[in-house]
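Visitor: Please take one part of this structure and examine it closely for me. As I am new to the structure, I should also like to know how that part fits into the whole.

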Amino acid sequence: MNTMSLTTLDRGKTTIDAATIEGLSAQLRGTLLQEGDAAYNEARTIWNATVDRRPGLIMCCVGASDVIRAVNFARENRLLVSVRGGGHNIAGSAVCDGGLMIDLSPMKSVRVDPVARRAWVGPGATLADVDRETQAFGLAVPTGINSTTGISGLTLGGGFGWITRKFGLTIDNLVSADVVTADGKLLRASETENPDLFWALRGGGGNFGIVTAFEFQLHQVGPQVLSGLVVHPFADAEKVLREYRKALETAPDELTCWVVMRQAPPLPFLPAEWHGKDVLVLAMCYCGDLQAGEKATKKLRAIGSPIADVVGPNPFTSWQQAFDPLLAPGARNYWKSHDLTELSNRAAEILTEAIRELPGPECEIFIGHVGGAAGRVAQNATAFPQRSSHFVMNVHARWREPAMDRACIGWARSLYEAAKPYAAGTAYVNFMPEDEVDRVEAAYGGNYQRLLEIKQRYDPLNLFRMNQNLRPKQSQRAA
């Protein structure tokens with residue numbers, strides 16, 4: 001009888017016969033893929049092209065019943081498991097080598113109740129899927145800045161973007177979640193049902209189970225917001241950053257302004273002579289009344305002598321996709337990040353010095369301004385660890401050729417180390433690459449021990465380990 005060799009939790013091998021695989025496939029609503037199947041390569045390909053792993057099996061789920069069967073099969077056979085939502089995570093945790101990849105991407109449903117201002121979202125939905133459906137009713141949930149990102153990974157890691165300062169993190173708007181835990185049970189997690197699990201899901205990543213449905217609170221946003229870019233010559237970077245910090249001191253919650261430093265892409269509104277030159281970009285969004293937005297953005301737009309100012313009314317859905325062309329799949333990517341409680345003069349100098357040493361035209365540094373409503377939540381209210389940080393620094397190395405790996409990764413690591421003395425010590429887990437396993441405890445700060453206790457309760461054998469992993473003590477209790 002034909003057999004298949006699959007990778008186990010301890011990185012060994014187990015043999016599963018073809019009849020067992022066929023029996024599993026027959027029980028599914030979705031499909032089961034193996035190497036050689038027509039859809040296999042597409043299913044295992046994710047956003048970050050540095051990740052090239054080959055699962056032994058890919059289970060494409062279309063409902064909670066498929067997810068339960070996948071989890072039970074993996075547990076009973078002690079298989080290495082990865083879970084794919086949008087496949088956008090920088091660490092590539094959606095894909096494992098040799099084990100079982102549980103693919104949630106077919107589960108894209110989004111249902112909106114405009115009266116209750118609630119959305120029920122499937123784990124395979126992207127941010128664009130969520131935005132299109134909610135904006136049909138003039139509503140939104142705070143999410144990220146790249147519309148191809150999956151809602152699952154973004155939410156479980158925290159989630160922040162253009163309207164976070166007004167409405168909080170994505171997790172601050174999570175009302176409930178349906179979760180398949182390691183024992184194959186489907187639980188509902190909310191403030192009143194399995195509240196410990198609900199606490200852990202809000203920032204603790206995929207450590208505790210597989211979410212098969214999210215329920216979000218929605219807010220009135222748009223359909224138009226005041227948004228756009230103000231592009232400055234990089235020679236003015238230090239002055240612009242100083243004035244930027246001052247302008248943010250009185251910024252209302254409706255206003256978010258981030259900094260991007262990189263070589264200018266060939267944007268149609270930039271003079272051709274600036275294409276490929278180092279620039280500093282202020283990217284801003286005001287999510288309230290448009291006239292009020294004009295007043296609120298005045299200080300930021302008055303800084304220096306910009307090359308271009310294209311801030312104006314835009315559909316919220318369009319602004320949510322504005323950075324997609326610079327973050328399209330297919331490139332090699334490596335990130336390093338810090339939480340910053342302030343953007344000190346020396347920290348700003350370190351960042352600007354690094355731009356002068358860019359290893360490639362797609363590499364960049366962005367500084368996300370957070371605070372606002374997200375900062376008014378108690379640190380221990382959710383697993384998300386850092387509520388006092390006003391800025392998130394992400395060093396984004398991005399390139400095309402494997403020959404550039406060393407230079408680009410080295411650049412990001414060097415800048416990370418240089419900025420470390422000015423950082424808060426915590427980290428946004430969604431920005432942590434695969435090689436930062438030793439940083440997980442620090443990333444969660446004072447919430448780490450409670451997370452470990454909850455991990456031990458719900459996943460004592462660490463079935464869900466392809467993530468920024470919380471490692472429980474090995475339990476003798478039967479899985």
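**A buried leucine and its surroundings**

Guide: Of the 479 residues of the protein, 59% count as buried. The model is a predicted one. It contains 15 helices and 21 strands. The radius of gyration is 22 Å, close to the 23 Å that the globule rule gives for 479 residues, so the protein is as compact as a globular protein of that length. The C-alpha trace spans about 75 × 55 × 40 Å along the principal axes. Of the contacts between residues at least 6 apart in sequence, 72% join residues at least 24 apart.

The interior includes two separate nonpolar cores. The largest has 75 residues, and those with the most contacts inside it are Val121, Ile151 and Leu201. Ile151 touches, among others, Val121, Leu127, Phe214 and Phe216. The second core, separate from the largest, has 43 residues, including Val240, Met393, Ala412 and Leu415.

The part I propose to examine is the surroundings of Leu226. This residue is found in strand E14, which covers residues 224-233. Is Leu226 buried or exposed? Its relative accessible area is 1%, and buried means under 20%, so Leu226 counts as buried.

Which residues lie in contact with Leu226, leaving aside its neighbours within four places in sequence? They are Met284, Cys285, Tyr286, Leu290, Gly293, Glu294, Thr297, Val311, Gly312 and Pro313. Met284, Cys285 and Tyr286 fall within strand E16, residues 278-286. Leu290, Gly293 and Glu294 fall within helix H9, residues 290-296. The C-alpha atoms of Leu226 and Gln291 are separated by 8.8 Å, although the two residues are 65 residues apart along the chain.

Two of these partners deserve a closer look. The first is Leu290, which is placed in helix H9. At a relative accessible area of 28%, Leu290 is partly exposed. Outside its neighbours within four places in sequence, Leu290 is in contact with Gln224, Val225, Leu226 and Pro313. Pro313 is also among the contacts of Leu226. The C-alpha atoms of Leu290 and Gly312 are separated by 8.8 Å, and the two residues are 22 residues apart along the chain.

The second partner is Thr297, found in the loop between helix H9 and helix H10 (298-301). With a relative accessibility of 1%, Thr297 counts as buried. Leaving aside neighbours within four places, its contacts are Leu226, Leu255 and Met284. Met284 appears among the contacts of Leu226 as well.

Just before strand E14 comes another detail of this part. Pro223 is placed in the loop between strand E13 (219-220) and strand E14. The peptide bond from Gly222 to Pro223 is cis, with omega near 10°. In general, most peptide bonds are trans.

The strand that supplies Met284 leads on to a further element. Strand E16 and strand E15 (255-263) are among the elements that cover the buried residues of helix H12. Which residues of H12 are buried? In this helix, residues 345-355, they are Ala347, Ala348, Ile350, Leu351, Thr352, Ala354 and Ile355. The cover of H12 also includes helix H8 (237-248), strand E20 (364-369), strand E21 (391-399) and helix H13. As a general point, an α-helix has 3.6 residues a turn, so residues three or four places apart point the same way.

For contrast, some residues in other loops may be considered. Asp438, in the loop between helix H13 (405-419) and helix H14 (440-444), is exposed, with a relative accessible area of 70%. Arg11 lies in the loop between strand E1 (3-7) and strand E2 (13-17). Arg11 counts as exposed at 55% relative accessibility, and has a positive phi of about 70° although it is not a glycine. Arg117, in the loop between strand E7 (110-113) and strand E8 (118-121), has phi near 55° and is partly exposed, at 34%.

To return to the part under study, Leu226 is buried and is in contact with Leu290 and Thr297. Of those two partners, Leu290 is partly exposed, whereas Thr297 is buried.

Notes
Residues numbered from 1 in each chain as written. Predicted model: local features only at pLDDT ≥ 70, side-chain atom pairs only at ≥ 80, totals over all residues. Heavy atoms only, no water. Helix = DSSP H or I, 4+ residues; strand = E, 2+ residues; numbered from the N terminus. Rg over C-alpha atoms; globule rule 2.2 N^0.38 Å. Buried < 20%, exposed > 50% of the residue type's maximum accessible area, 1.4 Å probe, protein only. Contact = heavy atoms within 4.5 Å. Core = buried A, V, L, I, M, F, W, Y, C linked by side-chain atoms within 4.5 Å.
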